[in-house]
Amino acid sequence: MTSKTTPSGEAVATWLAHAGPSPRDYHGFVNPPVVHASTVIFDNLEAYQTRSQRYVYGLMATPTTDALTDTVTELEGAAGTVLTGSGLEAVTVALMSCVSAGDHLLVVDNVYGPTRRFCDKTLSRFGVEVSYFDSGVGSAIVDQFRPNTRAVFLEAPGSLTFEMQDIPAIVEAARPRGILVAIDNTWATPLYYRPLDHGVDLSIQAATKYFGGHSDLLLGTVAANEAALPMLQETRQNLGVNAAPDDVFMTLRGMRTLPLRLARHYESGLTVARWLVSRPEVKRVLHPALESDPGHAIWKRDFTGACGLFALILQPGSQAQLSAFVDGLSYFGLGASWGGFESLVTCPDPRSMRTATPWAEDGALVRLHIGLEEPADLIADLEEGLKRWKAAG
Ligand SMILES: *Cc1c(COP(=O)(O)O)cnc(C)c1O
């Protein structure tokens, strides 16, 4: 892993340890205060009429939200950031800021399921045309552009099936045509890929995952460049989107240890992935940092690291075998979400979530989140699971 630095040259770990307001602004307390607020009192009528105070209403900003917003803005190299109540809301606010009735939106086929549902069930009700493209499209995305194409939505790698996308090629095709590019960058986080440095307009983070890092909050962030920021801020405001103060505080708290945690997730994830590659029960491991992965060259060119989330495809087998594998695992909780300190397993079926390119694998997909446990313990747990899988066949 290359050592990441901020534009000012400071190491990210050093910078994150001191990001946010100065303790001097709050009587020396290291952390910013958690402001729970709706009403803000104005000094006088003139201040009220001109909105000349820094803070005017809890929904707009508080010292707590400012601390996180400013931190994410700098981490992403953005013009500004909005906070949302969940990662999904970050996606929906970002999309609603990009497209209007009559516009066409292009979405990568491997996108997070709830994002797809929002596009198909909600955006479509507001007169937005949505179509999906194969993750391997690259510069041939121009063939998918229509006269009314307004935005392209990416997720690299896809958080179920881990296909990379050639982001620079897509940006290069979209930019001259005035088409906005937004990306759900939850997998890499801005530590391992900074989308706005590469011409992407909006960078989304389900802060619920690694920013928070402890499976105890819901929050989203959208960072935007100068061009996309005004509409993003206006959309958030008009929708009345709010991020809860305690979750904002906890997210900033989680981010202090983000470089440390991510480095461990990256290393342990690869250790477990490499072990799985060697197992005969496993047909394929989907992890772009593996040399054998079809997305490896792009990952290596564009990203500086990987998180702890990847998937494997078992050899074709029965449902009973899959249950025997999953149900007996000790350290892998069976549950949605990821990015916390603990390992997780899920068995999503991508077949129902594809429209551009059918999902062709015949073995079951098992998605793993490798947490902060000792990798040898996780491997032993998985080894027992694969034995159970085989015995049930
Ligand atoms: C989890 C996730 C989201 C949604 O985040 P929530 O906070 O759970 O709403 C969005 N995108 C990706 C890639 C995710 O994994």
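Which residue stands opposite V345 in β12? It is L368, and this pairing is a good way into the structure.

A word on the ground rules first. The model is predicted, with local features needing pLDDT of at least 70 and side-chain atom pairs counting only at pLDDT 80 or more, while totals for chains, interfaces and linings use all residues. Residues are numbered from 1 along each chain as its sequence is written, and side-chain values use heavy atoms, with hydrogens and water left out.

**The open sheet and its helices**

Helices (H or I, at least four residues) and strands (E, at least two) are DSSP runs, numbered from the N terminus. V345 belongs to a neighbourhood where strand β11 (residues 344-346) pairs with strand β12 (residues 365-369) in the antiparallel sense, over three bridges; strands pair if DSSP finds at least two bridges between them. The wider arrangement is an open sheet of five strands with mixed pairing, in the order β8-β9-β12-β11-β10. Because β8 (282-286) and β10 (333-334) each have a single partner strand, they stand at the edges, and one side of each is left without a neighbour in the sheet.

Helix α10 (residues 258-277) lies across β8, β9 (309-314) and β12, running at about 10° to β9. Axes here are lines fitted to C-alpha atoms, for helices over the stretch in contact, and angles run from 0 to 180 degrees between N-to-C directions.

Helix α13 (residues 375-391) has 17 residues, which should span 24 Å at 1.5 Å a residue, and its end C-alpha atoms are indeed 24 Å apart. The expected span is 1.5 Å times one less than the number of residues. Buried residues (under 20% relative accessible area, with exposed over 50% and partly exposed in between, 1.4 Å probe, protein chains only) in α13 are P375, L378, I379, D381, L382, G385, L386 and W389. They fall within an arc of 160° seen down the axis of α13, so they line one face of the helix; the arc is that of the directions from the helix axis to the C-beta atoms. On the other side of α13, A376 and A391 are exposed. The cover over the buried residues of α13 includes α10, β8, β9, α12 (319-327) and β12, where contact means heavy atoms within 4.5 Å.

**A covered strand**

Strand β1 (residues 80-84) has five of its five residues buried. G80, V82 and T84 lie on one side, T81 and L83 on the other. Five bridges join β1 to strand β7 (residues 220-224) in an antiparallel run, with T84 opposite G220 in β7.

**Aromatic pairs**

Rings of Phe, Tyr and Trp (its six-membered ring) pair if their centres lie within 6.5 Å; planes under 30 degrees apart count as stacked, over 60 as edge-to-face and the rest as tilted. The count comes to six aromatic pairs. The rings of Y210 and W338 have centres 5.6 Å apart and planes at 70°, so this pair is edge-to-face. Y210 lies in the loop between β6 (202-206) and β7 and W338 in the loop between β10 and β11, so the pair ties together parts that are 128 residues apart in sequence. Both Y210 and W338 are buried. Elsewhere, ring pairs link W187, Y193 and F303 into a cluster.

**Backbone details**

A cis peptide bond joins A156 and P157, with omega of about -10°. Two residues other than glycine have positive phi:

| Residue | Phi | Relative accessibility |
|---|---|---|
| R51 | near 50° | 45%, partly exposed |
| S337 | near 75° | 30%, partly exposed |
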